[in-house]
Each structure stands twice: as C-alpha cells, then as structure tokens.
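Work through the exercises below with the structure open. Each task is followed by a solution in steps.

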Amino acid sequence: MFFFIAIFCCLWASHASAQEDSLPATRYVMRSTMVGVGKANVFDTYLSPLEYEGTDFRLLHESMRMTRIMGGRVSVQNLVQADFAYAENPARTGEMYAGLINWSCALHYQFHFGERLKLLFGPMLDLNGGFVYNVRNSNNPAQGKAYASVGASGMLVYKFKIARYPMTVRYQASLPLLGAMFSPEYGESYYEIFSLGNDGKHVSFTSLHNNPSFRQMLTVDFPVRKVVMRVGYVCDIQQAKVNRLKSHLYSHDFMIGFVKNFCLLKGKRKVSMPDNITPY
Amino acid sequence: MNDMKQFSFILLLFFGAVLASCIREDISGNSPEDNFESLWKIIDEQYCFLDYKNQEYGLDWNEVHARYARRITPSMGSEALFEVLSEMVNELKDGHVNLSSSLATSQYRAWFDAYPHNFSDSIQSNYLGKDYIISSGLTYQILENNIGYIYCESFSSGIGDGNLDQTLNKLSVCDGLIVDVRDNGGGALTTAQKLAARFTNEKVLTGYISHKTGPGHNDFSTPQPVYLEPSDGIRWQKKVVVLTNRRSYSATNDFVNAMKQLPLVTIMGDKTGGGSGLPFSSEIPNGWSIRFSASPMFDPEMNQLEFGIDPDVKIDMKSEDMQNGKDTMIEAACLLLKK
C-alpha cells in the first residue's frame, strides 16, 4: 500500500505543477549533473564466493523542485544514477563487470530552521536494474539485477558564506524499506528460466532484513564565475540476501559536476516564451 | 530543534540496522587449508549429485573431507595443493568437474579412457570421401548405398536454421539417415535441441530438469518437464540411427536422450559418457576456478543420466573391420536403415 501511495504522490506532484499557468515556486527547478569515480566492491554468491574489488564510475543526474502538496512545503526530487564497476578477485585471476541504473523519486517535507538550515524528510520510490557479469564462469556467467522498493529519504541543506563567498552543503541519506526483488533460485541457471521457461520463486519480498541497503550523498555547491559547481561524495551500499544467495555492490565515488537553476515554462500558452523576451 | 533530534535518531537507527547487517563473504584467508575448505564447501553445498553418487558407488563427501584434510599442510606449495585438490574433486567421477589454475586444469577422464574409443576419423574419412560438405559445423555426405550421413563434432558453435534446411533438403533423397555424435563432447543445450527438433513432428517430453534450492544435499526444486518442440523448418521423416560412443558427453548426452524418445530413431553404438549435470562455476580464495555439475537432468522416467545412456543396439568397433578400413557402427547402421 505504501508503495502505491508513494507512486501516487510522485505522479500527483508532477501533475499538480503541470497545471500551473503562472510562475509559482513549482516552476523553479534545480538540476545538477555529476560524474564520479571511486572504489567498488562487488560480491554475488551466484557467481563467486569471493569479493571483487576495483574501480567504479558513476553518472548522477538530479532535479528538485517544490510541489503544491501540503501547502507547498513538499519538494520532489528525481535522482537518476548510472553506475558501472570493473573489479577483480583478490588473486587477480577473475574479472567482473557490474552495472546498475537507479531511479529514485522522493517527496520531502521541508522543515526550515532559520534561513540557513533545512531538513527534508519523506517517502521515496526506488527502482533499480542492472547486471553483474563474471568473465570466466560457465552456465552462471551473469546475474541480473532488478528490484524496486519504497523507503525513506532525508536531507540536510545548509547555506553559508566564507568571506562573502556563498556555498551550500547538503547531506542526503535514503533507505529502502519495503520492496520486491528478482533473483534466480540458489542453483538455478538462466537457461532454465528463459530457454525452458520454468517457473520458480523468482520474485522475493524485500525489507531491511534481507535488503539492508542505503545510499548517502554529501555535496558542496559553490559558484565559479557564472557557473555553480558541485562536488560531492556518494556512498552506495546495495546488499541483498534472497533465495539463499548473498550479494552486495558497494561503491564510494567522488563526484564533480554543475548545477543549473531555472524556470520551467509549460503548457499551450507557453509554447514559446513571452514575445518581448523570446529569442525564438 | 525537536524535529532535528527525531530525524537524527531515526537516521542513526536505520544506519545502525544496515551496518549491523552487512552482507559479506563467509570465507577469509588464502592458506592451503583455507583453499581446501573453500573448495570442499563449494562442492558440499552446490554440487548436485552427492546423494546420487553415494547410492551409486558409496561416495561420502564428509569422509572425503577427512581423508584429504590429512594431506593438507600449511607449508605445501601450489603444485602440491593443486594435485591434492584435483584428486579430491576426481572422487566425484564427473567430467564436468574441473579445477583450473595457471598450472593446469584437472579432468576426470575415466568416463571415456576406461572404455574402447569406438571411433576413428581416418576410417570415417573412407566414408566421407573427398566431396563431403561442411555446413555450420555439420559434415555430411550421401554414402554409396544411398544412406545420408551427418557427422556432428560439437554443439559448441551454433547451427543455423538455414544450414539445417539446406542439409536435410540435400539428404532428402536418401533412404535413411545416420547422425554420428561420436567424440562430440557437448556444447550448448539449445544447439543440441535445435538439431533434435528436426526429427519430431510433435511436442515430446524428453525428460526433467531440477536445480538446487539451498546448500543441503537434498535441497532440490521440483523437477520441471523438458519438451522437444518440432522445428518450423524442414523435418526428417524417415528412419534415423544415432551413433554414440563414450565420448558423447554433456549436451550430446542430452541430444541422445531427446532422440531416444522419438519413434523413428535408433541409438546405436556404445553407452554415452553421461554428464547430465548442467555445470556452474565458482572459485576458491587463491583464484583457481572450479566447474561443477549444478542442475541434474533426467529422462522421462526420472532416471539419472549422469553415467550415460545405453544404446538401443550395442555395437563396438571390430578390430578386423578397422584393419579393413571399415567402421563397424556405420556398416551396422546402414544395414538397419536399409531393412
């Protein structure tokens, strides 16, 4: 039920803002794009009992804006992340490639503590799809990753100045609480699932007991000439234990990118910008 | 600031829960003992024939542990360790079990070495002549007595539907067909089934497949039926003889099992080598990889096929025939198809 409520709220947030004619708070959007590199630790007992370590690459796109929910005190955040890792076993005789695409949509109720500090907290919808590929395995060369969950997301935003130089620091953490995950059974081959079409327990209910994962992110925004730069650190801990198969994908990435703040113009009457200002 | 405190408390609570439940590997260390224990455990928890082989020849995996643990010493070198571990996994008597290192790859060979080879490619060449055709991995010829002959050396590479159509079309004038899978060590099950699908006009139950659902020796899924669906392409409608030897293994064993269920097909030659467990891979801390049987396959009566399939007509190559450049099995197959 919580899952459907979260989806409904996300859709409602988008819909509510789409009905606006003027340029209220819901039209102001913060978007940022960051790329990063760091360390990865890949583990999946379907493929190997060993933990593989290597390099992680991440692309992160974020957008945030206010909605009209609860008197306009709720913001919506969309995060899309593409993560790719190359890792080797401890003896460096085996290689794994892992990829994960994540989309999360969070609705945050905003608590303001003075002008500088904000606390955001609310539900989150989290979708993930990806793979782990072990180069030298035979009939178990890869593991597919597909899971969805609803959870909680919290954020602290603090704005400050150092010698009149404005900066914004943000810490965010998100936790999946309830969801579902695809997994083959303990010793089941993908040949059985896809070539023979055999049924089995391929979708498992997940919660903190078998999917204790979390993501956290620390970012700092600072202007450089006319651009707002963003640097950050992403810690992504994805873990699961379903169908007696254990897996994790840990990644720690240092990110760099930029932020854009702008207004959205939508609707029939906004097919172009006002005549006196549009270049088109 | 009460909200702030509550938020911090909730965050700490969740992070505490997550950090307290890290999902990590169970094994640690890279000593000879660690590698021995790791390999033994992989087989103990994931190998699919431990109980069956206990019934067949008294394999006791716990006894194997006790016997081989005595041979592991902290100071032993890689070569010695590889030798001991190879011997240990050879106790499984399974051609699908291979320990691979930079030194070598272990292999249990008694499944074919202990029996007559029953195949000679130089004698085969007497039948193929010089104008045989190779199409998508299949070598074929029309023999002098108007019997079609297809030699399938491997199922490792895919066989194209167009190639199969062309091959069967060319052989359609023949009175019967020999499909020779001797020395075919296997490959992809889907390729084997693709070839078998050319010999049935209806959906046929060819067996069952199961897999492990947990680390216990008896943790298996309910066996699921495996059907052979007729191909949409050209299908053979006359009699067929499939020639087998002990080196017809793995996916070829599956092919022979599928063909054995078809009414116009006779399996002739020696018992197949077996290898009915779909192999998975894993590895031990020093980086050596281990391949092992993970999913057992059965015939339609739920009989195990791990140690091979008996032919309908048992024939070995005769030495006098071989001296005369004759293949006893091909000759017998021609006689049967000409009847």
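**Exercise 1: two residues with positive phi**

B:Ser250 has 26 other C-beta atoms within 10 Å and is buried. The model is predicted, and the exercises refer to its coordinates.

Task: State where B:Ser250 lies and what is notable about its phi.

Solution.
- Step 1. Place the residue: B:Ser250 belongs to the loop that runs between β8 and α10 (251-260) of chain B.
- Step 2. Read the backbone angle: phi of B:Ser250 is near 60 degrees, which is positive although the residue is not glycine.

Task: Decide whether B:Met302 is buried or exposed.

Solution.
- Step 1. Locate B:Met302 in the loop between β11 (289-298) and β12 (313-314) of chain B.
- Step 2. Note that its phi, near 65 degrees, is a positive value in a residue other than glycine.
- Step 3. Count the neighbours: 10 other C-beta atoms lie within 10 Å of B:Met302. The cut-off for an exposed residue is 12 or fewer, so B:Met302 is exposed.

**Exercise 2: a helix pair in chain B**

Task: Describe how α2(B) and α5(B) are oriented and which residues make their contact.

Solution.
- Step 1. Take the distance and the angle: the axes of helix α2 (residues 32-46) and helix α5 (residues 78-90) of chain B come within 11 Å and cross at roughly 20 degrees.
- Step 2. Classify the angle. Angles under 35 degrees count as roughly parallel, and α2(B) and α5(B) are therefore roughly parallel to each other.
- Step 3. Assign the hand: the crossing of α2(B) and α5(B) is right-handed.
- Step 4. List the contact residues. From α2(B) they are B:Pro32, B:Asn35, B:Phe36, B:Leu39 and B:Ile43, and from α5(B) they are B:Leu81, B:Leu85 and B:Val89.
- Step 5. Sort them by class: seven are nonpolar, one is polar and none is charged.

**Exercise 3: the faces of a helix**

Task: Find which residues of helix α12 (residues 328-338) of chain B are buried, and how they are arranged around its axis.

Solution.
- Step 1. The buried residues of α12(B) are B:Met329, B:Ile330, B:Ala333, B:Cys334 and B:Leu337.
- Step 2. Viewed down the axis of α12(B), these residues fall within an arc of 135 degrees, so they line one face of the helix.
- Step 3. Recall the helix repeat: with 3.6 residues a turn, residues three or four places apart point the same way.
- Step 4. Turn to the face away from the buried side, where α12(B) carries the exposed residues B:Leu335 and B:Lys338.
- Step 5. Identify the cover: α7 (121-128), β4 (147-152), β5 (176-180), β8 (240-244) and β9 (265-269) of chain B are among the elements over the buried residues of α12(B).

**Exercise 4: chain A and one of its residues**

Task: Summarise the build of chain A, then describe the surroundings of A:Val234.

Solution.
- Step 1. Chain A has two helices and eleven strands, in the order α-β-β-β-β-β-β-β-α-β-β-β-β along the sequence.
- Step 2. Its C-alpha trace spans about 65 × 45 × 40 Å along the principal axes, and 40% of its 280 residues are buried.
- Step 3. Of the contacts in chain A between residues at least 6 apart in sequence, 67% join residues at least 24 apart.
- Step 4. A:Val234 lies in strand β10 (residues 227-242) of chain A. With 23 other C-beta atoms within 10 Å, A:Val234 is buried.
- Step 5. Setting aside neighbours within four places in sequence, A:Val234 is in contact with A:Gly36, A:Arg58, A:Leu60, A:Met217, A:Asp253 and A:Met255.

Note on methods
Residues numbered from 1 in each chain as written. Chains lettered and ligands numbered in written order. Predicted model: local features only at pLDDT ≥ 70, side-chain atom pairs only at ≥ 80, totals over all residues. Axes fitted to C-alpha atoms, helices over the stretch in contact; angles between N-to-C directions. Helix = DSSP H or I, 4+ residues; strand = E, 2+ residues; numbered from the N terminus. Parallel < 35°, antiparallel > 145°, perpendicular 65-115°, else oblique. Left-handed = near helix turned anticlockwise from the far one by under 90°. Contact = placed C-beta atoms within 7 Å. Nonpolar A, V, L, I, M, F, W, Y, C, P; charged D, E, K, R; others polar. Buried ≥ 20, exposed ≤ 12 C-beta atoms within 10 Å, placed from the backbone. Arc of directions from axis to C-beta.
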